[in-house]
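The following note is offered to a colleague who is meeting this structure for the first time. Please read the numbered points alongside the sequence and the coordinates.

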Amino acid sequence: MLDIINRLLGRENAGSRDIARERLRLVLIHDRASVSPNFLNTLKEELIRVIREYMEIDEESLVVDLENEENSIALVANIPIRGFKRAANE
Amino acid sequence: MGKKTEESSVIVVTSGKGGVGKTTTVANVASALARKGYKIAVMDLDIGLKKLDLILGLENRVIYDIIQVIEGECTLKQALVKDKRFPELYMLPAAQTRNKDDIKPEQVQEICRQLRPEFDFIFIDCPAGIEQGFRNAIAAADKAIVVTNPEVSAVRDADRIIGMLESAQFQDIQLVINRLQASMVKSGDMLSIDDLLEHLCITLLGIVPEDKKVLISTNKGEPIVLNERSEAGLAFNNIANRLLGQQVDFPSFEEDSLWGKIRNLGRNLFSKE
């Protein structure tokens with residue numbers, strides 16, 4: 001509520017805490033897992049390469065990121081599927 | 001685009017004490033100069049405790065780091081992160097998982113040797129402390145900026161650092177006083193600029209007032225110099241202009257005698273040389 005009032009009043013700090021919280025969350029996940037954006041990119045490319053053999057996927061909207069759940073870190077991949085490939089050998 | 005000037009300056013920003021605003025100074029002075037069209041590289045030497053990427057809001061763009069450059073895993077060019085807001089600003093990230101002993105002063109010198117032909121200014125963000133990290137950071141620098149706060153422990157550490165820089169043969173050491181609260185100085189509850197200059201005896205490069213807008217822009221990962229209404233942003237812009245050799249008056253935060261003393265100090269220093 002306070003944030004909304006701040007925003008209506010056009011205060012400059014509206015939302016900067018939220019931005020800070022989100023940036024902090026991401027940076028800590030990456031630090032704790034010792035994972036660089038480069039690592040995630042490579043992983044994403046590899047995933048695309050493997051999954052493409054089995055199904056048609058929307059490579060543009062594919063998201064791979066680390067998420068913090070309770071006390072564990074999860075690798076979360078959101079991979080929109082366009083269609084399945086017919087199995088070649090059956 | 002190419003660089004603007006023939007020469008290039010390598011400037012180390014240091015303090016001894018942590019948390020006085022070294023990284024904020026590097027990020028903002030570098031951004032201010034890049035905005036004026038100078039080609040700038042900033043180098044984070046706080047290996048293991050990197051901050052510059054976050055202060056500049058470039059943390060998601062980091063791919064390689066300085067250790068990978070040194071160990072030959074990537075080229076220097078590949079590791080430089082380009083700042084989209086300032087086309088002339090590049091950052092060489094520190095590594096987060098290693099420590100200060102993983103690099104040597106000669107390796108920093110080699111990186112700077114490669115950067116010099118490409119950049120007008122190269123800023124080195126020095127880690128707190130006086131150990132290996134400090135030695136690495138000053139090894140390649142032509143000039144030093146010492147950042148301090150109007151606070152006894154910060155000034156003591158600044159004094160120690162100035163002594164170490166002098167024994168490392170630095171000729172050009174300038175002072176930035178960060179987080180000054182004019183109202184507290186006025187009411188007699190904060191060390192004044194004169195108090196600091198009297199003890200530290202180096203030329204004053206800038207006075208940055210305490211400004212809540214700094215935290216807000218740090219939250220967002222945006223340099224404060226982009227905020228035209230911020231007093232701190234203005235102060236960092238003034239520092240950039242002074243580094244370019246321009247005469248910029250110091251705002252009169254204090255009593256009238258201040259100006260005279262700064263001028264005298266400057267004269268005394270120059271007459272020694």
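1. B:Gln169 is exposed in this predicted model, its relative accessible area being 59%. The residue lies in the loop between H7 and strand S7 (172-180) of chain B. Its backbone deserves a remark: phi is positive, at about 70°, although B:Gln169 is not a glycine.

2. B:Cys201 also calls for attention, since its phi is positive, at about 50°, and it is not a glycine. This residue sits in the loop that joins helix H9 (193-200) to strand S8 (203-209) of chain B. Is B:Cys201 buried or exposed? With a relative accessibility of 42%, B:Cys201 counts as partly exposed, because that class lies between the limits of 20% and 50%.

3. Turning to the interior, the largest nonpolar core comprises 53 residues. Within this core, the residues with the most contacts are B:Val12, B:Met43, B:Leu92, B:Leu115, B:Ile124 and B:Leu165. Helix H7 (residues 152-167) of chain B supplies five residues, the largest share of this core. A second core, separate from that one, holds 39 residues, among them B:Ile55, B:Met91, B:Val176 and B:Ala240.

4. Which residues does B:Leu92 touch, once its neighbours within four places in sequence are left aside? The contacts of B:Leu92 are with B:Val42, B:Met43, B:Asp44, B:Ile66, B:Val69, B:Leu76, B:Ala79, B:Leu80 and B:Ile111.

5. A helix pair in chain B may be examined next. The axes of helix H1 (residues 22-35) of chain B and helix H11 (residues 231-243) of chain B come within 8 Å and cross at roughly 65°. The crossing of H1(B) and H11(B) is right-handed.

6. The residues that form this contact can be listed by helix. On the side of H1(B) they are B:Thr24, B:Thr25, B:Asn28, B:Val29, B:Ala32, B:Leu33 and B:Arg35. They meet B:Phe236, B:Asn237, B:Ile239, B:Ala240 and B:Leu243 in H11(B). Sorted by class, the contact of H1(B) with H11(B) contains seven nonpolar, four polar and one charged residues. B:Ala240, one of the H11(B) residues in this contact, is also included in the second core.

7. A final point concerns confidence in chain A. The average pLDDT of chain A is 77, and 79% of its residues score at least 70. Where in chain A is confidence lowest, and where is it highest? The lowest mean, 56, belongs to helix H1 (residues 2-8) of chain A, whereas strand S1 (residues 55-57) of chain A has the highest, at 89.

Terms used:
Residues are numbered from 1 along each chain as its sequence is written. Chains are lettered from A and ligands numbered from 1 in the order in which they are written. This is a predicted model: local features need pLDDT of at least 70, side-chain atom pairs count only at pLDDT 80 or more; totals for chains, interfaces and linings use all residues. Side-chain values use heavy atoms; hydrogens and water are left out. pLDDT is the predictor's confidence in each residue, from 0 to 100. Helices (H or I, at least four residues) and strands (E, at least two) are DSSP runs, numbered from the N terminus. A nonpolar core is a set of buried Ala, Val, Leu, Ile, Met, Phe, Trp, Tyr and Cys residues joined through side-chain atoms within 4.5 Å. Buried means under 20% relative accessible area, exposed over 50%, partly exposed in between (1.4 Å probe, protein chains only). Contact means heavy atoms within 4.5 Å. Axes are lines fitted to C-alpha atoms, for helices over the stretch in contact, and angles run from 0 to 180 degrees between N-to-C directions. A crossing is left-handed if the near helix is turned anticlockwise from the far one by less than a right angle, and right-handed if clockwise. Ala, Val, Leu, Ile, Met, Phe, Trp, Tyr, Cys and Pro count as nonpolar, Asp, Glu, Lys and Arg as charged, and the others, Gly among them, as polar.
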